[in-house]
Amino acid sequence: MNTTPAVLVRDLHKHYGAKRAVDGLDLTVHPGEIFAVLGPNGAGKTTTIEILEGYRDRDRGEVAVLGVDPQRADRRWRSRIGIVLQSADDQAELTVRELVHHVALYYPRPRDPEQLIDAVGLSAKASTRVRQLSGGQRRRLDVALGIVGRPELLFLDEPTTGFDPEARRSFWELLLGLRDEGTTILLTTHYLDEAEHLADRVAVVRDGRVVALDAPAALGGRATHEALVRWQEDGVTRERRTPTPTALVGELARRFAPDEVPGLAVLRPTLEDVYLEMVGEAPRASAGDTTVSTPLEEAVR
Amino acid sequence: MSTVTSAVPSPVPAPHHDRLPPTLRLAVARAGIELKQFFRERDAVVFIFAYPIIMMAIFATVFDTEVQSDGTVAVPFAQYFLPGILATGIMLTSFQTMAIDLAVQRDTGALKRLRGTPLPVTAFFLGKVGQVLVNTGVQVALLLALAFIAYDVPVPDAAGWLTFAWVLVLGTATGTVCGVAFSSVPRTGRSASAVVTPVVLVLQFISGVFFAFFALPSWMQTVASLFPLKWMAQGMRSVFLPDAAKALEPAGSWELGTTAAILGAWLIAGLLVGTRTFRWRRRDDG
């Protein structure tokens, strides 16, 4: 099995004037995993991913994508990666079929365009001009164009922004299917549920560096965090934080036996709770950057 | 959607030895797809492709009985108008198409998308050149057919066709590279045609397309002499006008050597500026 990391980033820096967009970021993505990068706007997610894609040069640090420095990208390397950019409204006058068939020509061993159009659920729209597609259809076309060359590594920058819940679900199925085929996927997202559902591992980025990295279920010590036990007693709601909720529940069970403990609940922090805790303070070094929204806004989007 | 795993053919282990598609084949494919997109944009077809033909039909019909004359030499209107509108057509299909298309493609993210694929840069630009050559060739052929058949413009001799060919090729090349360079001027794709069209229109008025060049004020002639359109029009006049009509030119001759020199200078300047300023991404995109 291939053990070279799909993406290896060490001490990456990228500054725009005084603004440190990326400020000492480290990242390792293993082959075959779905890796999500979470973080508020302005945290450096897009800058980082565009450095990995070969669009931007870095100021400092080490970067290897499929073993190659993206600043020395050649055609061969570009044929091994797939890119789905944040937003796209280009090629509006071509049909879905024309565009997928055309882009397939660029690659040495493309997927079958008709099967691919079918796989992303656009068969009914194959003869439709791109300008007439809905946002979700357009995005699925973008993914089709990103994977038509059978990339070993697929980059997705905020792929489901603006999707309705159903479209997101089917989009997630598509990505999980690609992962099962062996495609490594690196995605950025605003959505915590998206990261939780899709990602094998999640990195939280803030102020241009990784502040937490783990499986979604374990992020920020979620699994081992103190639990909150809540129940009703004497007509009021009682709550107690404890590292040993099992013992407390046992004690409550004995106290109320043989009745049920009224309103019993054992609560652990959600991914959203730990995320908000991590990005909770106003980001430093970005005063005057109007694109930075508060973490709360971010989380409720 | 949940059937994606079975519907997408599963990948075979990574083969690094697969041959990348040849650049020339991709250039032909790019030219095809660019032409397809061009002819689906109604305003591009009307204002770039059909415009010179429409203008030729209108002006040659309205001024059917008129002549362009300074009192000594007289040339039928249609015969004098053809060279200017040919030169205009070349400028539109090369310079204006390139400048607007690239500005729009940069703004919509089409260039950025292409940059992220293994499409060679050479194939991209050869595709653009192919698009310009097809557009120019078809447009020129239609204009000539209209002039010869409907407006009785005399067909040039062999020496005339030779001049025609090099003015056409050099003018198209110059217009194309200057279009690449100028495409960085419009700030957005939406403003591209509003920025490019006035430049092209002013040049048409001062370069002897709509008015006889000899009838323009001399300062206007001087300004026009700095730009390629005047020289393309003059080169084309040497092809389609009787030799005696060179008396109508300010210099009293066709100045073909100067035409080649000015067009060549713009070609080199356009190449230098274009290769240094070309961007795959928008200016506000880092």
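Let's start with salt bridges. Over all chains, a search of the whole structure finds 34 of them. Keep in mind that this is a predicted model. Why look at such pairs? Side chains of opposite charge can pair when their charged atoms come close.

Take one in chain A. A:Glu33 pairs with A:Arg201, and the closest N and O atoms are 2.8 Å apart. Now look at where the partners sit. A:Glu33 is in the loop between β2 (19–29) and β3 (34–38) of chain A. A:Arg201 is in strand β8, residues 201–206. That puts them 168 residues apart, so to speak in distant parts of the chain, and the salt bridge links those parts.

Are these two partners buried or exposed? A:Glu33 has a relative accessibility of 8%, so this residue counts as buried. A:Arg201 has 19%, and the cut-off for buried is under 20%, so A:Arg201 is buried as well.

Next, chain B. Here B:Glu34 meets B:Arg30 in a salt bridge, at 3.2 Å from N to O. This one is local. Both residues lie in helix α2 of chain B, residues 23–40. They are 4 residues apart, which is about one turn of the helix. Both are buried.

Another pair in chain B is B:Lys246 with B:Asp243. Their closest N and O atoms are 3.3 Å apart. How accessible are these two? B:Lys246 has a relative accessible area of 30%, so we call this lysine partly exposed. B:Asp243 comes to 48%, and that also counts as partly exposed.

Now a charged residue without a salt bridge. Find A:Glu158, in the loop between β6 (153–157) and α6 (165–180) of chain A. A:Glu158 is buried, yet has no salt bridge. Which side chain of opposite charge is nearest? That is A:Lys45, 4.0 Å away. Leaving aside neighbours within four places in sequence, A:Glu158 has several contacts. Among them are A:Asn41, A:Gln86, A:Arg139 and A:His190.

Back to A:Arg201 for a moment. One of its contacts is A:Leu213. A:Leu213 sits in strand β9, residues 209–214 of chain A. Its relative accessible area is 43%, so A:Leu213 is partly exposed. Look at A:Ala203 too. A:Leu213 and A:Ala203 are 10 residues apart in sequence, but their C-alpha atoms are 4.4 Å apart in space. Setting aside neighbours within four places in sequence, A:Leu213 also touches A:Phe35, A:Val202 and A:Leu219.

On to the two chains together. How many residues are in contact across chain A and chain B? On chain A, 44 residues; on chain B, 42. The size of an interface is often given as the accessible area lost when the parts come together. Chain A and chain B bury about 4200 Å² between them, and 57% of that is on carbon and sulfur atoms. A:Tyr55, A:Arg75 and A:Tyr106 supply 18% of the area that chain A buries against chain B. No other three residues supply more.

Charges pair here as well. Between chain A and chain B we count 5 salt bridges. One to find on screen joins the side chains of A:Glu50 and B:Lys112, at 2.6 Å from N to O. There is also a network of salt bridges with residues of both chains. It links A:Asp90, A:Arg138, A:Arg139, A:Asp142 and B:Arg113.

Last, each chain as a whole. Chain A has 10 helices and 12 strands. Chain B has 11 helices and 2 strands. In sequence order, chain B reads α-α-α-β-β-α-α-α-α-α-α-α-α.

Extents next. The C-alpha atoms of chain A fill a box of roughly 70 × 50 × 45 Å along the principal axes. The C-alpha trace of chain B spans about 80 × 40 × 30 Å.

How much is buried? In chain A, 53% of the 301 residues. In chain B, 51% of the 286 residues.

Now the surface. Chain A exposes about 13100 Å², with 48% from carbon and sulfur atoms. Chain B has about 12600 Å² of accessible surface, and carbon and sulfur atoms hold 68% of it.

Finally, charge. Chain A has 39 positive and 47 negative side chains, and the centres of the two sets lie 3 Å apart. Chain B has 21 positive and 16 negative charges, and their mean positions are 16 Å apart.

Technical notes:
Residues numbered from 1 in each chain as written. Chains lettered and ligands numbered in written order. Heavy atoms only, no water. Buried < 20%, exposed > 50% of the residue type's maximum accessible area, 1.4 Å probe, protein only. Areas by Shrake-Rupley, 256 points an atom, 1.4 Å probe, with all protein chains shown as cover. Lys, Arg positive; Asp, Glu negative; His and termini not counted. Charge placed at Lys NZ, Arg CZ, Asp CG, Glu CD. Contact = heavy atoms within 4.5 Å. Buried area = accessible area lost by both parts, 1.4 Å probe.
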